[in-house]
Amino acid sequence: MFTSNQTAARRPTARKWLAATAGFAFAVTGAISSAQAQDTIKVGVLHSLSGTMAISETTLKDTMLFLIDEQNKKGGLLGKKLEAVVVDPASNWPLFAEKARELISKNKVSAVFGCWTSVSRKSVLPVFKELNSILFYPVQYEGEESERNVFYTGAAPNQQAIPAVDYLMSKEGGSVKRWVLAGTDYVYPRTTNKILEAYLIGKGVKKEDIMINYTPFGHSDWQTIVSDIKKFGSAGKKTGVVSTINGDANVPFYKELGNQGIKATDIPVVAFSVGEEELAGLDTKPLLGHLAAWNYFQSIKNPGNAEFIKKWQAFTKNPKRVTNDPMEAHVIGFAMWVKAVEKVKSTDPDKVIDALPGITAPNLTGGTSTMLPNHHITKPVFVGEIKADGQFDVVWKTKGLVPGDAWTDFLPGSKDLESDWVKLKCGNYNTVTKKCGGQAS
Amino acid sequence: MMTAHPLIRLLDRGSTLFLVLLGAFAIAIPVLNLLMPEGSALHVSTYFVALFGKYVCYGLLALSIDLIWGYVGILSLGHGAFFALGGYAMGMYLMRQIGDRGVYANPILPDFMVFLNWSELPFFWYGFQNFFYAMLMVLLVPGLLAFVFGWFAFRSRVTGVYLSIITQAMTYALLLGFFRNNFGFGGNNGLTDFKDILGFNVQAEGTRNALLVTSCIALAVCFLICRAIVTSKFGKVLIGIRDAESRTRFLGYRVEAYKLFVFTVSACMAGVAGALYVPQVGIINPGEFAPGNSIEAAIWVAVGGRGTLTGAVLGAFVVNYAKTFFTSGALAPYWLFMLGGLFIGTTLFMPRGIIGTYNNWRAGHADKAEARSAEAKAAAPAQPSAAE
Amino acid sequence: MGKFHDRILAFAVAIGLIVAAAGFAHAGPYEDALEKFTTDEFSDTAEAVTAVATSGNPLAAPLIAALQDGRLQFSAKDKKVLIKTADDKLIDAETGKPFAGTPPDDLDTVRVNNRLRGVIDAANGALTLMAPDPNQRYESAQQVFKSRDAAVLPAVEKALESEKVARVKKVLNEARAAILLAADDTSAADRIAAIEFIRARGDQDSLALLQSLPADLPADVRAAANGAIKTVERNLALWNTVQNLWYGLSLGSVLLLAAIGLAITFGVMGVINMAHGEMVMLGAYVTYVVQDVIRTSYPGLFDYSLAIALPLAFIFSAAVGIAIERSVIRFLYGRPLETLLATWGISLVLQQAVRVAFGPTNKEVGNPSWMSGAFDLGGILITYNRMWIILFTAIVFAALLAMLRFTRLGLEMRAVTQNRQMAAAVGIRTARIDALTFGLGSGIAGLAGVALSQIDNVSPNLGQGYIIDSFMVVVFGGVGNLWGTLVGALTLGIANKFLEPFAGAVLAKIAILVFIILFIQKRPRGMFALKGRAIEA
């Protein structure tokens, strides 16, 4: 009796183990294949809420929740409420791909707003292509990409880097003759600096008047580099720094600049990754007059912007909450998506993708941005000087809107490429060989 | 038990169960994915296929860590490096397969080299267009690194936390290196936009299922290799090294050679895991070298139960499923609390992990039952109710 | 062309202000110019500044000062320009009388950009050559040296005549030499004399000035210039080495500060605390909270904020450390690898907790005035914050050493490090020592956080940036030996800074890591390993 008990005690547990594992598997499959009720239109929000990128991306998640909330107050879309599906890819690139797949195939979202770093976008790209969905990407990037399923609402290099350099070369910007291109060592700064180098040499700047410097992510000891910049800048010609330094490394960089006494009147630094959000973590008094180039600044005076800021601060219940450029990109992207969906009366990705080029939406700086056939948008470019209160004072802007150029004209590899998803149905049409590259044969 | 046939020793009950389950998944998932119509209750979505494929690769990585941590006591915090190197080798093969279908239509250079104005292919990219060469590299590169690293480290008797820290330094140095664009591996963006593998489109459902099945087979084969190692006499020496390294050395075993061999085998397995992982997730980037990833992989092993092999794989599945589950929806911001809590909870309350605790409990249960039966026999005539 | 224009403008402003200061007032151009401030265009503002400055109106000086400080207000609607005084009163820029009535609702600040700021600065430089404060005169002379503005030469020569302070006189002479060298019509003898001054100055600016001399100089001037260039270059090379040493020392002190707490917990208890970086981060957040309270409630105390934050950060981090030790680590003694994993988990939890509590973005921690800026020491620039951090590290290190040497707790800690069983046998409560040691290590990490908040960003990720480097320092220096940690930190810091100029920051870091990996093979217990059986786990 007892012996049989003993074996019986073992068998069920083994079976339990099996059952548990199987149950786990079925729980997964069950959760995935269970049909979702389709009484709302779902919008995916794919921004890191933990890990290193949370510092930048959390705000964008809040922005999306805010925009969706606003749209629902206006009655939703196509008579349905919008529903945000928020996931946390945790600053982990493969997890981005997994979460994108989850959003599209499991949650059946109609469009996804997300990503910050280029690598996260590169990671989700194959997923969006395979499952044929729509991604709105809100951050300035290095260009050299135009995909059918992605809409780039951030700046391409010609919408940020080149106008900023133009400004510094102008009389108003200080007639800079000598250039330091300082960046974090990854693809965006590398590409941007390659483009700028070619552009500057084309403008007659000599090679020895350009200094290029790369630092690792999160670099915190800037003493040597700042003193090198200082040395480089004391050669008698007006020197300017173009900074593509990313994220966290900016704070110690600016602190070192301030402490080594590099004033904007001596060596102005123009940054492409420093906005209101980054400055909120800094004592900006020593940085007075250093520059940033963006397509939006919170300080821009405009009724649309004022209203947006008011509602945003009410939504976040924080009267000091700042706004920034990638937020505006989401505002524009979301408005365009809503318009496109209303136009075709459907959230079907193919229809929306085809409808989007040509759609216009007001930006927050008083103009109207248009989605171009290359899936980039037209934007104004502003150069702002840092003020003591952590905001920017716009000192220069482009005359009109600048159309985003996916393929820069300043790199030999991409100057012959053209993107047109309306007529050519191709993101990388080679105007010399008359062929569309990158398509599976 | 002492005289059991080697095959029986190799396949005890847990191992058999594990292999059967793995086999069942490897057959059931593709069948349910490909043959069942969409919308059918039994249909398994491609999302799940991709997910499961990823877990299997993580499982293999965990297995490789368990082999050296659970049986030799080496906690490598740099196993992510071997995983990533294997992944890069596979990624390089996949990049070369793109050929002139890249956006710049350059038949030789991958896209990232074209737009950064590289004029020719770096020498270390030669040969990767050949699948077999690439697969050789998947084993060779991590293996060689592990061999050289281990040869230095074990010979000079770097052990315990020191070894953990320098393996961490190794993966950190590689992380910084691969981030550099001048290194020739695509910098931060890594290698991506793969088209096909051995002529099959990597995006196609059939290929995905095939990759999943391949991963399961790889896991099963590696599992058997590990079992063979740990159940052999060789394995007993390893356990000896784990429990008392100096004594084993004094007994005349060449501890360094044993460690080096297992470390290298383990690195090769991690490399294979990485190579299978890359086509399934579609990207390899230096982030895989991050020390945090390697530490996380160690916790999978700890959760499942180290020194059990099956536990490592189970741990990888459980933790990664938890990650998938908790990084969506309302709980998203709290995922790191869960992960952190898991680290603390496992080490404090479940030092033997799931499998270890279960085995323990079962053993304890059996002991108790035995004790009870003995007690009952003794007490039976007087008080039968005392037994239950 | 632009530069020339700016110089003319600067000169005009200078002259104008001198004239204004002298009190020659005549109405007309000043009032006309005011209107140009109301268009909100930089070119108009520039013209207005010129016009106002040359107008000679006594209000010009306060108006330009207001413009510089962002206190000049305008109303585009009413075409009105108002000066806001430091105590927030409005003065009508036209009449100089207090502004009565309600201010126009579109009142806005007249904006200044870099070019205007440069113009005003240069003008002020020329103006303040005769200022009563020698420091101000010194700064002005330096400004003139940099601008080499020929128009200021008379002012410089006048200032030279009356200057008594030697160091100001020296710079004035250099400024004069720079102007003379830059001018075309200077005689050969004057040039040679000027070159001598520049050679004596011997800094990077001097070298640039000498190198920019035209090629077609008379032979003797050329020879003097070439000689001077060689001297300056040699001089600079020497100072460059000193500078690298200083930078290395500074980096090393940061590493030491971050690692020293780890050295204690690892050395005494053999505990690998992966959450050490988070203790640093907590210290930095304590600084933030302290500054935040001070900003809102006691703005006057700002310069003391760090002094207030130090003890609080120590106590807070130490308390968290002790809590961690009591609740988690004490159950894991003798299992270093498990401790490593558990503390890694703790670090994740702490990071995310801070992220949830304070938000994921960077927090602003300001530099008190005594930590801002820099001073010249010979040929190198020394920033105050780095200098104070080096000093602070030295003090912490010395205090810690003294504590270990002279206090009872220190004695007991050393006893436990050397032989735990023996220490327990003679009656030391090792569990208590463990908790206190862990608290001490964490508390020091908190102190490090206060210091790091001054040079790095205060975000939840702060600690992660230092944890691997800290481990490298401890392992390299040798466990259980504070001197080893000191030597390790400084060696790594200095090596890094000497490699960086030619290898670049990334490769320098990789090289250091590879070096440590190889070094550990050679000496598995670090540079200064404790001898004996006790630590051979």
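In this predicted model, the crossing of helix 6 of chain B and helix 11 of chain B comes out right-handed. The two helices cover residues 131-155 and 255-281, and their axes cross at roughly 150° and come within 8 Å. Angles over 145 degrees count as roughly antiparallel, and the pair is therefore roughly antiparallel. On the helix 6 side of chain B, the contact includes B:Val138, B:Leu139, B:Val141 and B:Pro142, and further along B:Phe147, B:Gly150, B:Trp151, B:Phe154 and B:Arg155. Helix 11 of chain B answers with residues including B:Glu256, B:Lys259, B:Leu260, B:Phe263, B:Thr264 and B:Ala267, along with B:Cys268, B:Gly271, B:Val272 and B:Ala275. Sorted by class, this contact of helix 6 with helix 11 of chain B holds 16 nonpolar, 4 polar and 3 charged residues.

Now for chain B as a whole. Its secondary structure adds up to 15 helices and 4 strands. For 388 residues the globule rule gives 21 Å, and the radius of gyration of chain B is close to that at 23 Å, so chain B is as compact as a globular protein of that length. Along the principal axes, the C-alpha trace of chain B spans about 90 × 60 × 45 Å.

Chain C has a helix pair to set beside the one in chain B. Helix 11 of chain C (residues 219-269) packs on helix 20 of chain C (residues 482-503) at an angle of about 140°, the axes being 7 Å apart. That angle makes helix 11 of chain C oblique to helix 20 of chain C. The crossing of these two chain C helices is right-handed. From helix 11 of chain C the contact draws on residues including C:Asn244, C:Leu245, C:Tyr247, C:Gly248 and C:Leu249, as well as C:Leu255, C:Ala259, C:Ile260 and C:Ala263. Among their partners in helix 20 of chain C are C:Leu482, C:Thr485, C:Leu486, C:Ala489 and C:Leu490, plus C:Gly493, C:Asn496, C:Lys497 and C:Phe498. The class count for the contact of helix 11 with helix 20 of chain C is 16 nonpolar, 6 polar and 1 charged residues.

The overall build of chain C comes to 21 helices and 6 strands. With 537 residues, the globule rule would give 24 Å, but the radius of gyration of chain C is 30 Å, well over that value, so chain C is more spread out than a compact globule. The C-alpha trace of chain C spans about 95 × 70 × 40 Å along its principal axes. Chain C is split into domain 1 (2-116), domain 2 (131-217) and domain 3 (253-467). Between domain 2 of chain C and domain 3 of chain C, the C-alpha centres are separated by 49 Å.

Chains C and B also meet each other: 34 residues of chain C are in contact with 37 residues of chain B. On the chain C side, the elements giving two or more residues are helix 14 (336-358), helix 19 (464-477) and helix 21 (505-522). Helix 14 of chain C supplies the largest share of that side, with 14 residues. By class, the side of chain C that touches chain B has 27 nonpolar, 4 polar and 3 charged residues.

Chain B touches chain A as well, in a contact that takes 51 residues from chain B and 55 residues from chain A. Six elements of chain B are listed as giving two or more residues to its side, namely helix 3 (46-72), helix 5 (111-115), helix 7 (160-179), helix 13 (310-326), helix 14 (335-349) and helix 15 (353-379). This side of chain B breaks down into 24 nonpolar, 21 polar and 6 charged residues.

That leaves chain A itself, which has 12 helices and 19 strands. A compact globule of 441 residues would have a radius of gyration near 22 Å, and the 25 Å of chain A agrees. The box filled by the C-alpha atoms of chain A is roughly 100 × 55 × 50 Å along the principal axes. Chain A is divided in two, with domain 1 built from 40-156 + 301-380 + 404-436 and domain 2 from 161-271. The C-alpha centres of these chain A domains lie 30 Å apart. Their contact involves 9 residues of domain 1 of chain A and 9 residues of domain 2 of chain A. On the domain 1 side of chain A, the residues that touch domain 2 are 4 nonpolar, 3 polar and 2 charged.

Notes
Residues are numbered from 1 along each chain as its sequence is written. Chains are lettered from A and ligands numbered from 1 in the order in which they are written. This is a predicted model: local features need pLDDT of at least 70, side-chain atom pairs count only at pLDDT 80 or more; totals for chains, interfaces and linings use all residues. Domain bounds come from an automatic or database domain assignment. Two residues are in contact if their C-beta atoms, placed from the backbone, lie within 7 Å. Ala, Val, Leu, Ile, Met, Phe, Trp, Tyr, Cys and Pro count as nonpolar, Asp, Glu, Lys and Arg as charged, and the others, Gly among them, as polar. Axes are lines fitted to C-alpha atoms, for helices over the stretch in contact, and angles run from 0 to 180 degrees between N-to-C directions. Angles under 35 degrees count as roughly parallel, over 145 as roughly antiparallel, 65 to 115 as roughly perpendicular and the rest as oblique. A crossing is left-handed if the near helix is turned anticlockwise from the far one by less than a right angle, and right-handed if clockwise. The radius of gyration is taken over C-alpha atoms; the globule rule is 2.2 Å times the number of residues to the power 0.38.
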